[in-house]
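Dear colleague,

Please find below the sequence and the structure that I am handing over to you. My notes on what was found follow directly after them.

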Amino acid sequence: MSTTLQRSTSTEAPAPRHRSSAGLGVGVLVLLGVLAVVTFVSITIGARGVGLGTIWTAFTDYDRASAEQTVIRELRVPRTLLGLLVGAALGLAGALLQGVTRNPLADPGIMGINMGAATGIVVAVMVLDGISQSASVWVGFAGAGIATVVVYGVASFGREGATPVKLALSGAAVSAALYSVTTGITMTDVGALNELRFWQVGSLSGRYLPVLEQTYPFLVAGIVVAMLLGRALNGLALGDDLAVALGQRVRLTRVVIFVTVALLGGAATAACGPIVFVGLIVPHVARAICGPDYRWILPYTLLLSPVILLSADVLGRVLVSPSELQVGVVLGVLGAPAFIALVRYKNLAQL
């Protein structure tokens, strides 16, 4: 009997490795250093070679007549700042959705955000016969917000309210419907097709100071709120019944989370297009490092996401210089095998 007991014990899954708060805090500091390096590289590397002295002068004694200093101040710095905010927003949106839906494959696209933004843009192009980039940001943001509201509204029907399964199903249904609308419009309107092709690549290129100024209030507000939701997500992870027993208002918590996701995903997608894999993969990487506690998952995701996004953006500039690959293309190429490896070596249900 003892032999049988030993065998059954040996086949049990090993206990999760304890992660100390001190060790995780050191990890956050290391990631901050890595993010600072990647940010510096993003500002310094591009199609036009710029010396370090010129970069320093661009910040300390800006000369508008200098083309190199203008490139730094008006092109690379806004692009890098947008990459920092959009990367953090997409990663946090994915982490929030994976927590609230308890679906390891959730990302901003599951709530119809990507297709909502795309539909808003092509409808505006069809109705207005073309829109400016500035206007497309607002139209895309509005479309993403409306799609999120519709998804949550559909999922809320019934006595149970917006359960994780109903949210996933309603998101898939609404996204499919919006995809049909978008396809129908682009098949008959060349202007809408061209606008959608430019936007749908997912890029930081060409998104400079005006786009940053329009979207940063929403991105910053969403990031701040998201960082306060770690304890609430830990409660939801226990299940609705236990969360209610512990005093958590589950429905209100879900509403706050989805409003935050709409801010983060909607603004990021409207600004840069549907950039894939950041919201899907990075929360799993963060969870693998720091365990299931969302009070640590969210800070790690906040730092890891812009590191990955800006690194992919820099890689796209270097690989085909003096041209460049858009960051959405680079992440698509690198993200697919990375996610396959994650599925192969990690059980997503236990991450």
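Residues 1-16 have a pLDDT under 50 throughout, and for this stretch the model has 0 contacts beyond four places in sequence. Please bear in mind that this is a predicted model. Among the elements of the protein chain, helix α1 (residues 2-10) has the lowest mean pLDDT, at 43, whereas helix α14 (residues 294-319) has the highest, at 93. Over the protein chain the average pLDDT is 81, and 90% of the residues score at least 70.

Overall picture

The protein chain contains 15 helices and 0 strands. It has 351 residues, of which 48% count as buried. Of the contacts between residues at least 6 apart in sequence, 73% join residues that are at least 24 apart. The protein chain exposes about 16,800 Å², and carbon and sulfur atoms supply 67% of that area.

The structure holds 0 disulfides. As for two of the cysteines, C272 is buried with a relative accessible area of 0%, and C290 is buried as well, with a relative accessible area of 4%.

Helix α4

Helix α4 covers residues 67-101, which makes 35 residues. At 1.5 Å a residue it should span 51 Å, and its end C-alpha atoms are 49 Å apart, so the two values agree. The helix nevertheless bends by about 35 degrees at R76, and a proline, P78, follows within four residues. Of the 35 residues of α4, 28 are buried, and the helix is therefore largely enclosed by the rest of the structure. Just after α4, R102 takes a positive phi of about 50 degrees.

Two residues of this helix deserve a separate description. A89 lies in α4 and is buried, with a relative accessible area of 0%. Not counting residues up to four places away in sequence, A89 touches L219, I223, L264 and A268. A89 and T301 are 212 residues apart in sequence, yet their C-alpha atoms are 9.4 Å apart in space.

Q98 is also found in α4. Its relative accessible area is 5%, and with buried meaning under 20%, Q98 therefore counts as buried. Leaving aside neighbours within four places in sequence, Q98 is in contact with N103, P104, A106, G279, L280, P283, H284, R287 and Y294. For one of these partners, P283, the separation from Q98 is 185 residues in sequence and 8.3 Å in space, C-alpha to C-alpha.

Helix α13 and the loop before it

H284, which is among the contacts of Q98, has its place in helix α13. At 0% relative accessibility, H284 counts as buried. The C-alpha atoms of H284 and I297 are separated by 8.8 Å, and the two residues are 13 residues apart along the chain.

The loop between α12 (250-272) and α13 (278-290) holds F277. Although F277 is not a glycine, it has a positive phi of about 75 degrees.

Helices α5 and α10

Helix α5 (residues 113-128) has 16 residues. From its first C-alpha to its last it reaches 22 Å, close to the 22 Å expected at 1.5 Å a residue. Its buried residues are I113, M115, G116, A117, A118, T119, G120, I121, V122, A124 and V125.

Helix α10 (residues 230-237) is mostly covered, with 6 of its 8 residues buried. These buried residues are G230, A232, L233, N234, G235 and L236. Which elements cover the buried residues of α10? The cover includes α4, α9 (209-227), α11 (240-245), α12 and α14. Just after α10, G239 takes a positive phi of about 105 degrees.

When you look through the model, you may wish to begin with α4, where 28 of the 35 residues are buried, and to set against it residues 1-16, where pLDDT stays under 50.

With kind regards

Note on methods: Residues are numbered from 1 along each chain as its sequence is written. This is a predicted model: local features need pLDDT of at least 70, side-chain atom pairs count only at pLDDT 80 or more; totals for chains, interfaces and linings use all residues. Side-chain values use heavy atoms; hydrogens and water are left out. Helices (H or I, at least four residues) and strands (E, at least two) are DSSP runs, numbered from the N terminus. Buried means under 20% relative accessible area, exposed over 50%, partly exposed in between (1.4 Å probe, protein chains only). Contact means heavy atoms within 4.5 Å. Accessible areas come from the Shrake-Rupley method with a 1.4 Å probe; for residues, only the protein chains shown count as cover. pLDDT is the predictor's confidence in each residue, from 0 to 100. A disulfide is a pair of cysteine sulfur atoms within 2.5 Å. The expected span of a helix is 1.5 Å times one less than its number of residues. The bend at a residue is the angle between axes fitted to the seven residues ending there and the seven starting there.
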